[in-house]
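The following paragraphs lead the reader through a two-chain structure. They begin with strand pairing, continue with a pair of helices, and end with the contact between the chains.

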Amino acid sequence: MSIRRTPQPQRDYAPWADPSAVPLVRFENVTKRFGDFVAVDDLSLDIYRREFFALLGPSGCGKTTLLRMLAGFETPSEGRILLDGEDVSRLPPYRRPVNMMFQSYALFPHMTVAANIAFGLRQDGMPKPEIKARVDEMLELVQLAPFAHRKPHQLSGGQRQRVALARSLAKKPKLLLLDEPLGALDKKLREKTQFELMDLQYELGLTFVIVTHDQEEAMTVSDRIGVMNQGKLIQVAPPGEIYEFPATRYVADFIGDVTLIEARVTAAAEGETQLARVGAEADEVPLVCRPGNGGAAAGDAVAVAIRPEKVRISKHRPEGADVNTVTGQVWDIGYFGDFSIYHVRLADGTTVKAQEPNLSRLTAREITWEDTVWLSWAPEAGVVLRG
Amino acid sequence: MAGAQAPGTGGWGRIALILAPYLWLLVFFLAPFAIVLKISLSDLAIAMPPYEPVLDVFGGLAGIGDFLRALDFENYVWLTQDSLYWRSYLSSVQIAAVSTLLALLVGYPMAYGMARAPRACRPTLLMLVILPFWTSFLIRVYAWIGILKNEGLLNLLLVDILGVTDTPLTILNTTTAVYIGIVYSYLPFMVLPLYAALEKLDESLIEAALDLGCTPFRAFWQVTFPLSLPGVLAGCFLVFIPAVGEFVIPDLLGGSDTLMIGTTLWTEFFGNRDWPVSSAVAILLLLILVVPIVFFQRLQDRNREAGA
């Protein structure tokens, strides 16, 4: 499946910001218990039509349970799930206009590719010619027409993934659920398929809910990400917001690389927060974060989250550095080819990470292990986190 | 896998390893088979042993020639002339087939329940299926006499305790008792392959079927059952093949009208002391059973290929 055309980005697509928008899916205070274990804890969430929503979290955080409740394989212990305004909490899976693409693909091994895709249509009693037309259409969509009469075990992993996708799309579901859909593919194929999924979702105008533990995947494909931990949604926001304005230490740490600096608020003004680093040297300059302070008041113990790519590293103290500047020793260097990550250890033992693009070849590296370096960042770079 | 052979371990070691089972088959299967085949081509004689000719190893080439000339297919012709034999064969196949079907009907829900039981319970359930093997087959069949006879446990329950019926049911010494005996005795052979097939069935396939609009009933017939077919066929062959030649069960539980080739053979051998005819019966039974055995082998090979 090649990229057929680059869709127009859904530039103004933000129904979650519109209070009058009607959600397609609504979780109302949903709790799911397995014995004593609370998999999903009093969770409320709206998902909108044509949205690509990603549920992200570590294994056991409840994201798969949430998806399975949407599919009908689990019923909520408390709360309701509304689909298009209708309460579907107790509806069995075969009565829901929802289809799921399984992590294992769950292709029927005794049926051909075409029969797998036709399976859902046959259950609805669709006339044979129509089924055939629809199956051909789906095979065309995932570019598997020459493989229609093969059995699943005669296909490669990538082809199986596409059969599973075609099968789950064949019934034109109101909502498509994807449970770690790309987990079994290798990295290159996974990245390619991510873009194909986005194109497909846009072209078909469907609503997708994807479960993944891969934060890059979630960032790439989705309109919004819901970060989950221990059965609760920690933050629901578009990828850029999640990355740049994480709500808690957990989110900041889970998404991308980050340095969390423990600090105490010294002054909180409108749009600017001044802080003192915990364990700072006597002559260290104060920290300043702009804008926003997460509602922190003077005296609060907080963390400042700084993305490594926003930290500049130099061998000399930067000119006019009166805020957000620290010094330390290069402790570790992670070389990634296109960039390197420097782990700099400050005098009190705190490690701050800085990412530098490798603009010149490795042989000419200016900064190396145990060098004393200065790290600095703009006031706009850090985020004050209370939680 | 000749390429994977470690140096020094090839040649004789391998040949010896392969030779051992072949020697076993030769000594304990092929040689007795040849003797039975030879007897089936001989004639009845009032002698010891009760057939002739007997190979005279000291008679030289002429003696062997006379011996071979004396062998004929007379006994096989006889099997086609007396209707008792073909009726016995037919009845055996029929009883075995019906028993197999009954065992499938009883065994499938059992195996399904075992495969769907909590993972921790499965070894125990499996153990319970195998447990009857710890008691002698003969004793277990005898035990059924105690249950099925007119004043047995079953009638005690039905007449005296539950009062369902006034007259005790006559089950013992009927073909029904034979069905009960065969289904009971061979049920583990049905349950085990079914369980193996159902246990490895991926639960997400059923969920996928439900997700695509199947009711649980249709999901069973469209996904679970077709995928358990190798287990169904394996179980059916494992019950059918031994049941056709069954002797103990019809002898102990069956009645005079229960016709099975195993009992016919026994009567021919011990009652009539007609070794040649009973040998012919045995050889023919073997030939009849070769057909399903070959099918079974084919099936196993195909499953192995599909699994690879």
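In chain A, strand E15 (residues 312–314) and strand E19 (residues 372–376) run antiparallel and are joined by 3 bridges. Strands and helices here are DSSP runs, numbered from the N terminus, with at least two residues for a strand (E) and at least four for a helix (H or I); two strands pair if DSSP finds at least two bridges between them. Within this pairing, Arg312(A) has Ser376(A) of E19(A) as its bridge partner. E19(A) is also joined by 5 bridges to strand E16 (residues 325–335) of chain A, again in an antiparallel arrangement. There, Val326(A) is bridged to Leu375(A) of E19(A).

This is a predicted model, in which local features need pLDDT of at least 70 and side-chain atom pairs count only at pLDDT 80 or more, while totals for chains, interfaces and linings use all residues. Residues are numbered from 1 along each chain as its sequence is written, and chains are lettered from A and ligands numbered from 1 in the order in which they are written. For the complex, the predictor gives an ipTM of 0.84 and a pTM of 0.81. Chain B has a mean pLDDT (the predictor's confidence in each residue, from 0 to 100) of 89, and 96% of its residues reach 70 or more. Over residues 1–5 of chain B, however, the pLDDT is below 50, and this stretch has 1 contact in the model beyond near neighbours in sequence. Two residues are in contact if their C-beta atoms, placed from the backbone, lie within 7 Å.

Two packed helices are described by the angle between their axes and the distance between the axes. In chain B, the axes of helix H8 (residues 175–199) and helix H10 (residues 216–244) come within 8 Å and cross at roughly 160°. H8(B) is therefore roughly antiparallel to H10(B), a term for angles over 145 degrees. Axes are lines fitted to C-alpha atoms, for helices over the stretch in contact, and angles run from 0 to 180 degrees between N-to-C directions. The residues of this contact include Phe189(B) and Met190(B) of H8(B) and Leu238(B) and Val239(B) of H10(B).

Between the chains, the contact takes 17 residues from chain A and 14 residues from chain B. On the side of chain A that touches chain B, strand E6 (98–101) and helix H2 (113–123) of chain A are the elements that give two or more residues. The largest share, 3 residues, comes from H2(A).

Key:
Parallel < 35°, antiparallel > 145°, perpendicular 65-115°, else oblique.
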